[in-house]
Amino acid sequence: MKFFSRLSLTIFVLCFSFFSSLALAANKTQDVRFEKGATSAEYPAKITGYDFNDYVFYAKKGQALTAKLLTKSTKLWINLSNQHLESGIDLSEYSEALNKQGAYILPYSGKYTIRVGQYRAFARRGEHSDFTLLIEIK
């Protein structure tokens, strides 16, 4: 009888921990859309812990991408990826990948993803950051 009680409890704990970890993952994906005739858009958001937000858009080779985090927080990182890039591109304010105007010239046509997250030290403590992502493509 005790065996079945322990087995039931073990199964319950395993199921609870599995499903609660799924509930904690609040990663968000946003399709980037510009108003007709506009070249930029703003997306207000909040990140907690290890969560991250993805902003997906399509652009052409040679276009200039400017992505700025409007926030008081110093806990956030911002990264750009594309299937043809070997590694992500740092889009933070002082990144060497940006030109003098603060833009990154896109090397390929196609789908890009901007990911915003918190640095590990802050994420580990479960901290949160509010921000607005400004995306401009010319």
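Here are some friendly notes on this predicted model, set out point by point.

1. Overall make-up. The protein has two helices and nine strands. Read from the N terminus, its elements follow the order α-β-β-β-β-β-β-β-β-α-β. Of its 138 residues, 30% count as buried. The accessible surface comes to about 9,700 Å², and carbon and sulfur atoms account for 56% of that.

2. Contacts across the sequence. If you take the contacts between residues at least 6 apart in sequence, 78% of them join residues at least 24 apart. Two of the later points, on Phe57 and on Asp54, give examples of pairs that are distant in sequence: Phe57 and Thr113 are 56 residues apart, and Asp54 and Arg115 are 61 residues apart.

3. The five-stranded sheet. This open sheet has the strand order β1-β3-β8-β5-β6, and its pairing is mixed. Strands β1 (28-31) and β6 (89-90) stand at the edges with a single partner strand each, so one side of each has no neighbour in the sheet. At the β6 end, β5 (residues 76-82) pairs with β6 in the antiparallel sense over two bridges. If you would like a residue pair to look at there, Leu80 has Ile89 of β6 as its bridge partner.

4. The four-stranded sheet. Another open sheet is formed by four strands in the order β2-β9-β4-β7, with antiparallel pairing. Its edges are β2 (40-48) and β7 (104-105); each has a single partner strand, so each is left with one side lacking a neighbour in the sheet. Strand β4 (residues 64-70) runs antiparallel to β7, and two bridges join them. Here Ala64 stands opposite Ile105 of β7.

5. Phe57 and its surroundings. Phe57 sits in strand β3 (residues 52-59). Is this residue buried or exposed? Its relative accessible area is 3%, so Phe57 is buried, the cut-off being under 20%. Beyond its neighbours within four places in sequence, Phe57 is in contact with Val32, Leu65, Leu80, Leu106, Gly110, Lys111, Tyr112, Ile114 and Ile137. Leu80, the bridge partner of Ile89, is therefore also one of the residues that Phe57 contacts. Thr113 is worth a look as well: its C-alpha lies 6.5 Å from that of Phe57.

6. A salt bridge between strands. The structure holds five salt bridges. In one of them, Asp54 meets Arg115, with the closest N and O atoms 2.6 Å apart. Asp54 lies in strand β3 and Arg115 in strand β8 (residues 110-118), so the pair ties together parts that are 61 residues apart in sequence. Asp54 is buried, at 10% relative accessible area, whereas Arg115 is partly exposed, at 31%.

7. Other charged pairs. Side chains of opposite charge can pair when their charged atoms come close. Arg33 and Asp31 form a salt bridge through their side chains, at 3.9 Å from N to O. Arg33 counts as exposed, with 62% relative accessibility, and Asp31 is partly exposed, at 41%. Glu136 and Lys138 form a salt bridge too, with 3.6 Å from N to O. In this pair, Glu136 is partly exposed at 23%, while Lys138 is exposed at 58%. In addition, Lys75, Arg125 and Glu127 are joined into one network by salt bridges that share partners.

Terms used
Residues numbered from 1 in each chain as written. Predicted model: local features only at pLDDT ≥ 70, side-chain atom pairs only at ≥ 80, totals over all residues. Heavy atoms only, no water. Buried < 20%, exposed > 50% of the residue type's maximum accessible area, 1.4 Å probe, protein only. Contact = heavy atoms within 4.5 Å. Areas by Shrake-Rupley, 256 points an atom, 1.4 Å probe, with all protein chains shown as cover. Pairing = 2+ DSSP bridges. Salt bridge = Lys/Arg side-chain N within 4 Å of Asp/Glu carboxyl O.
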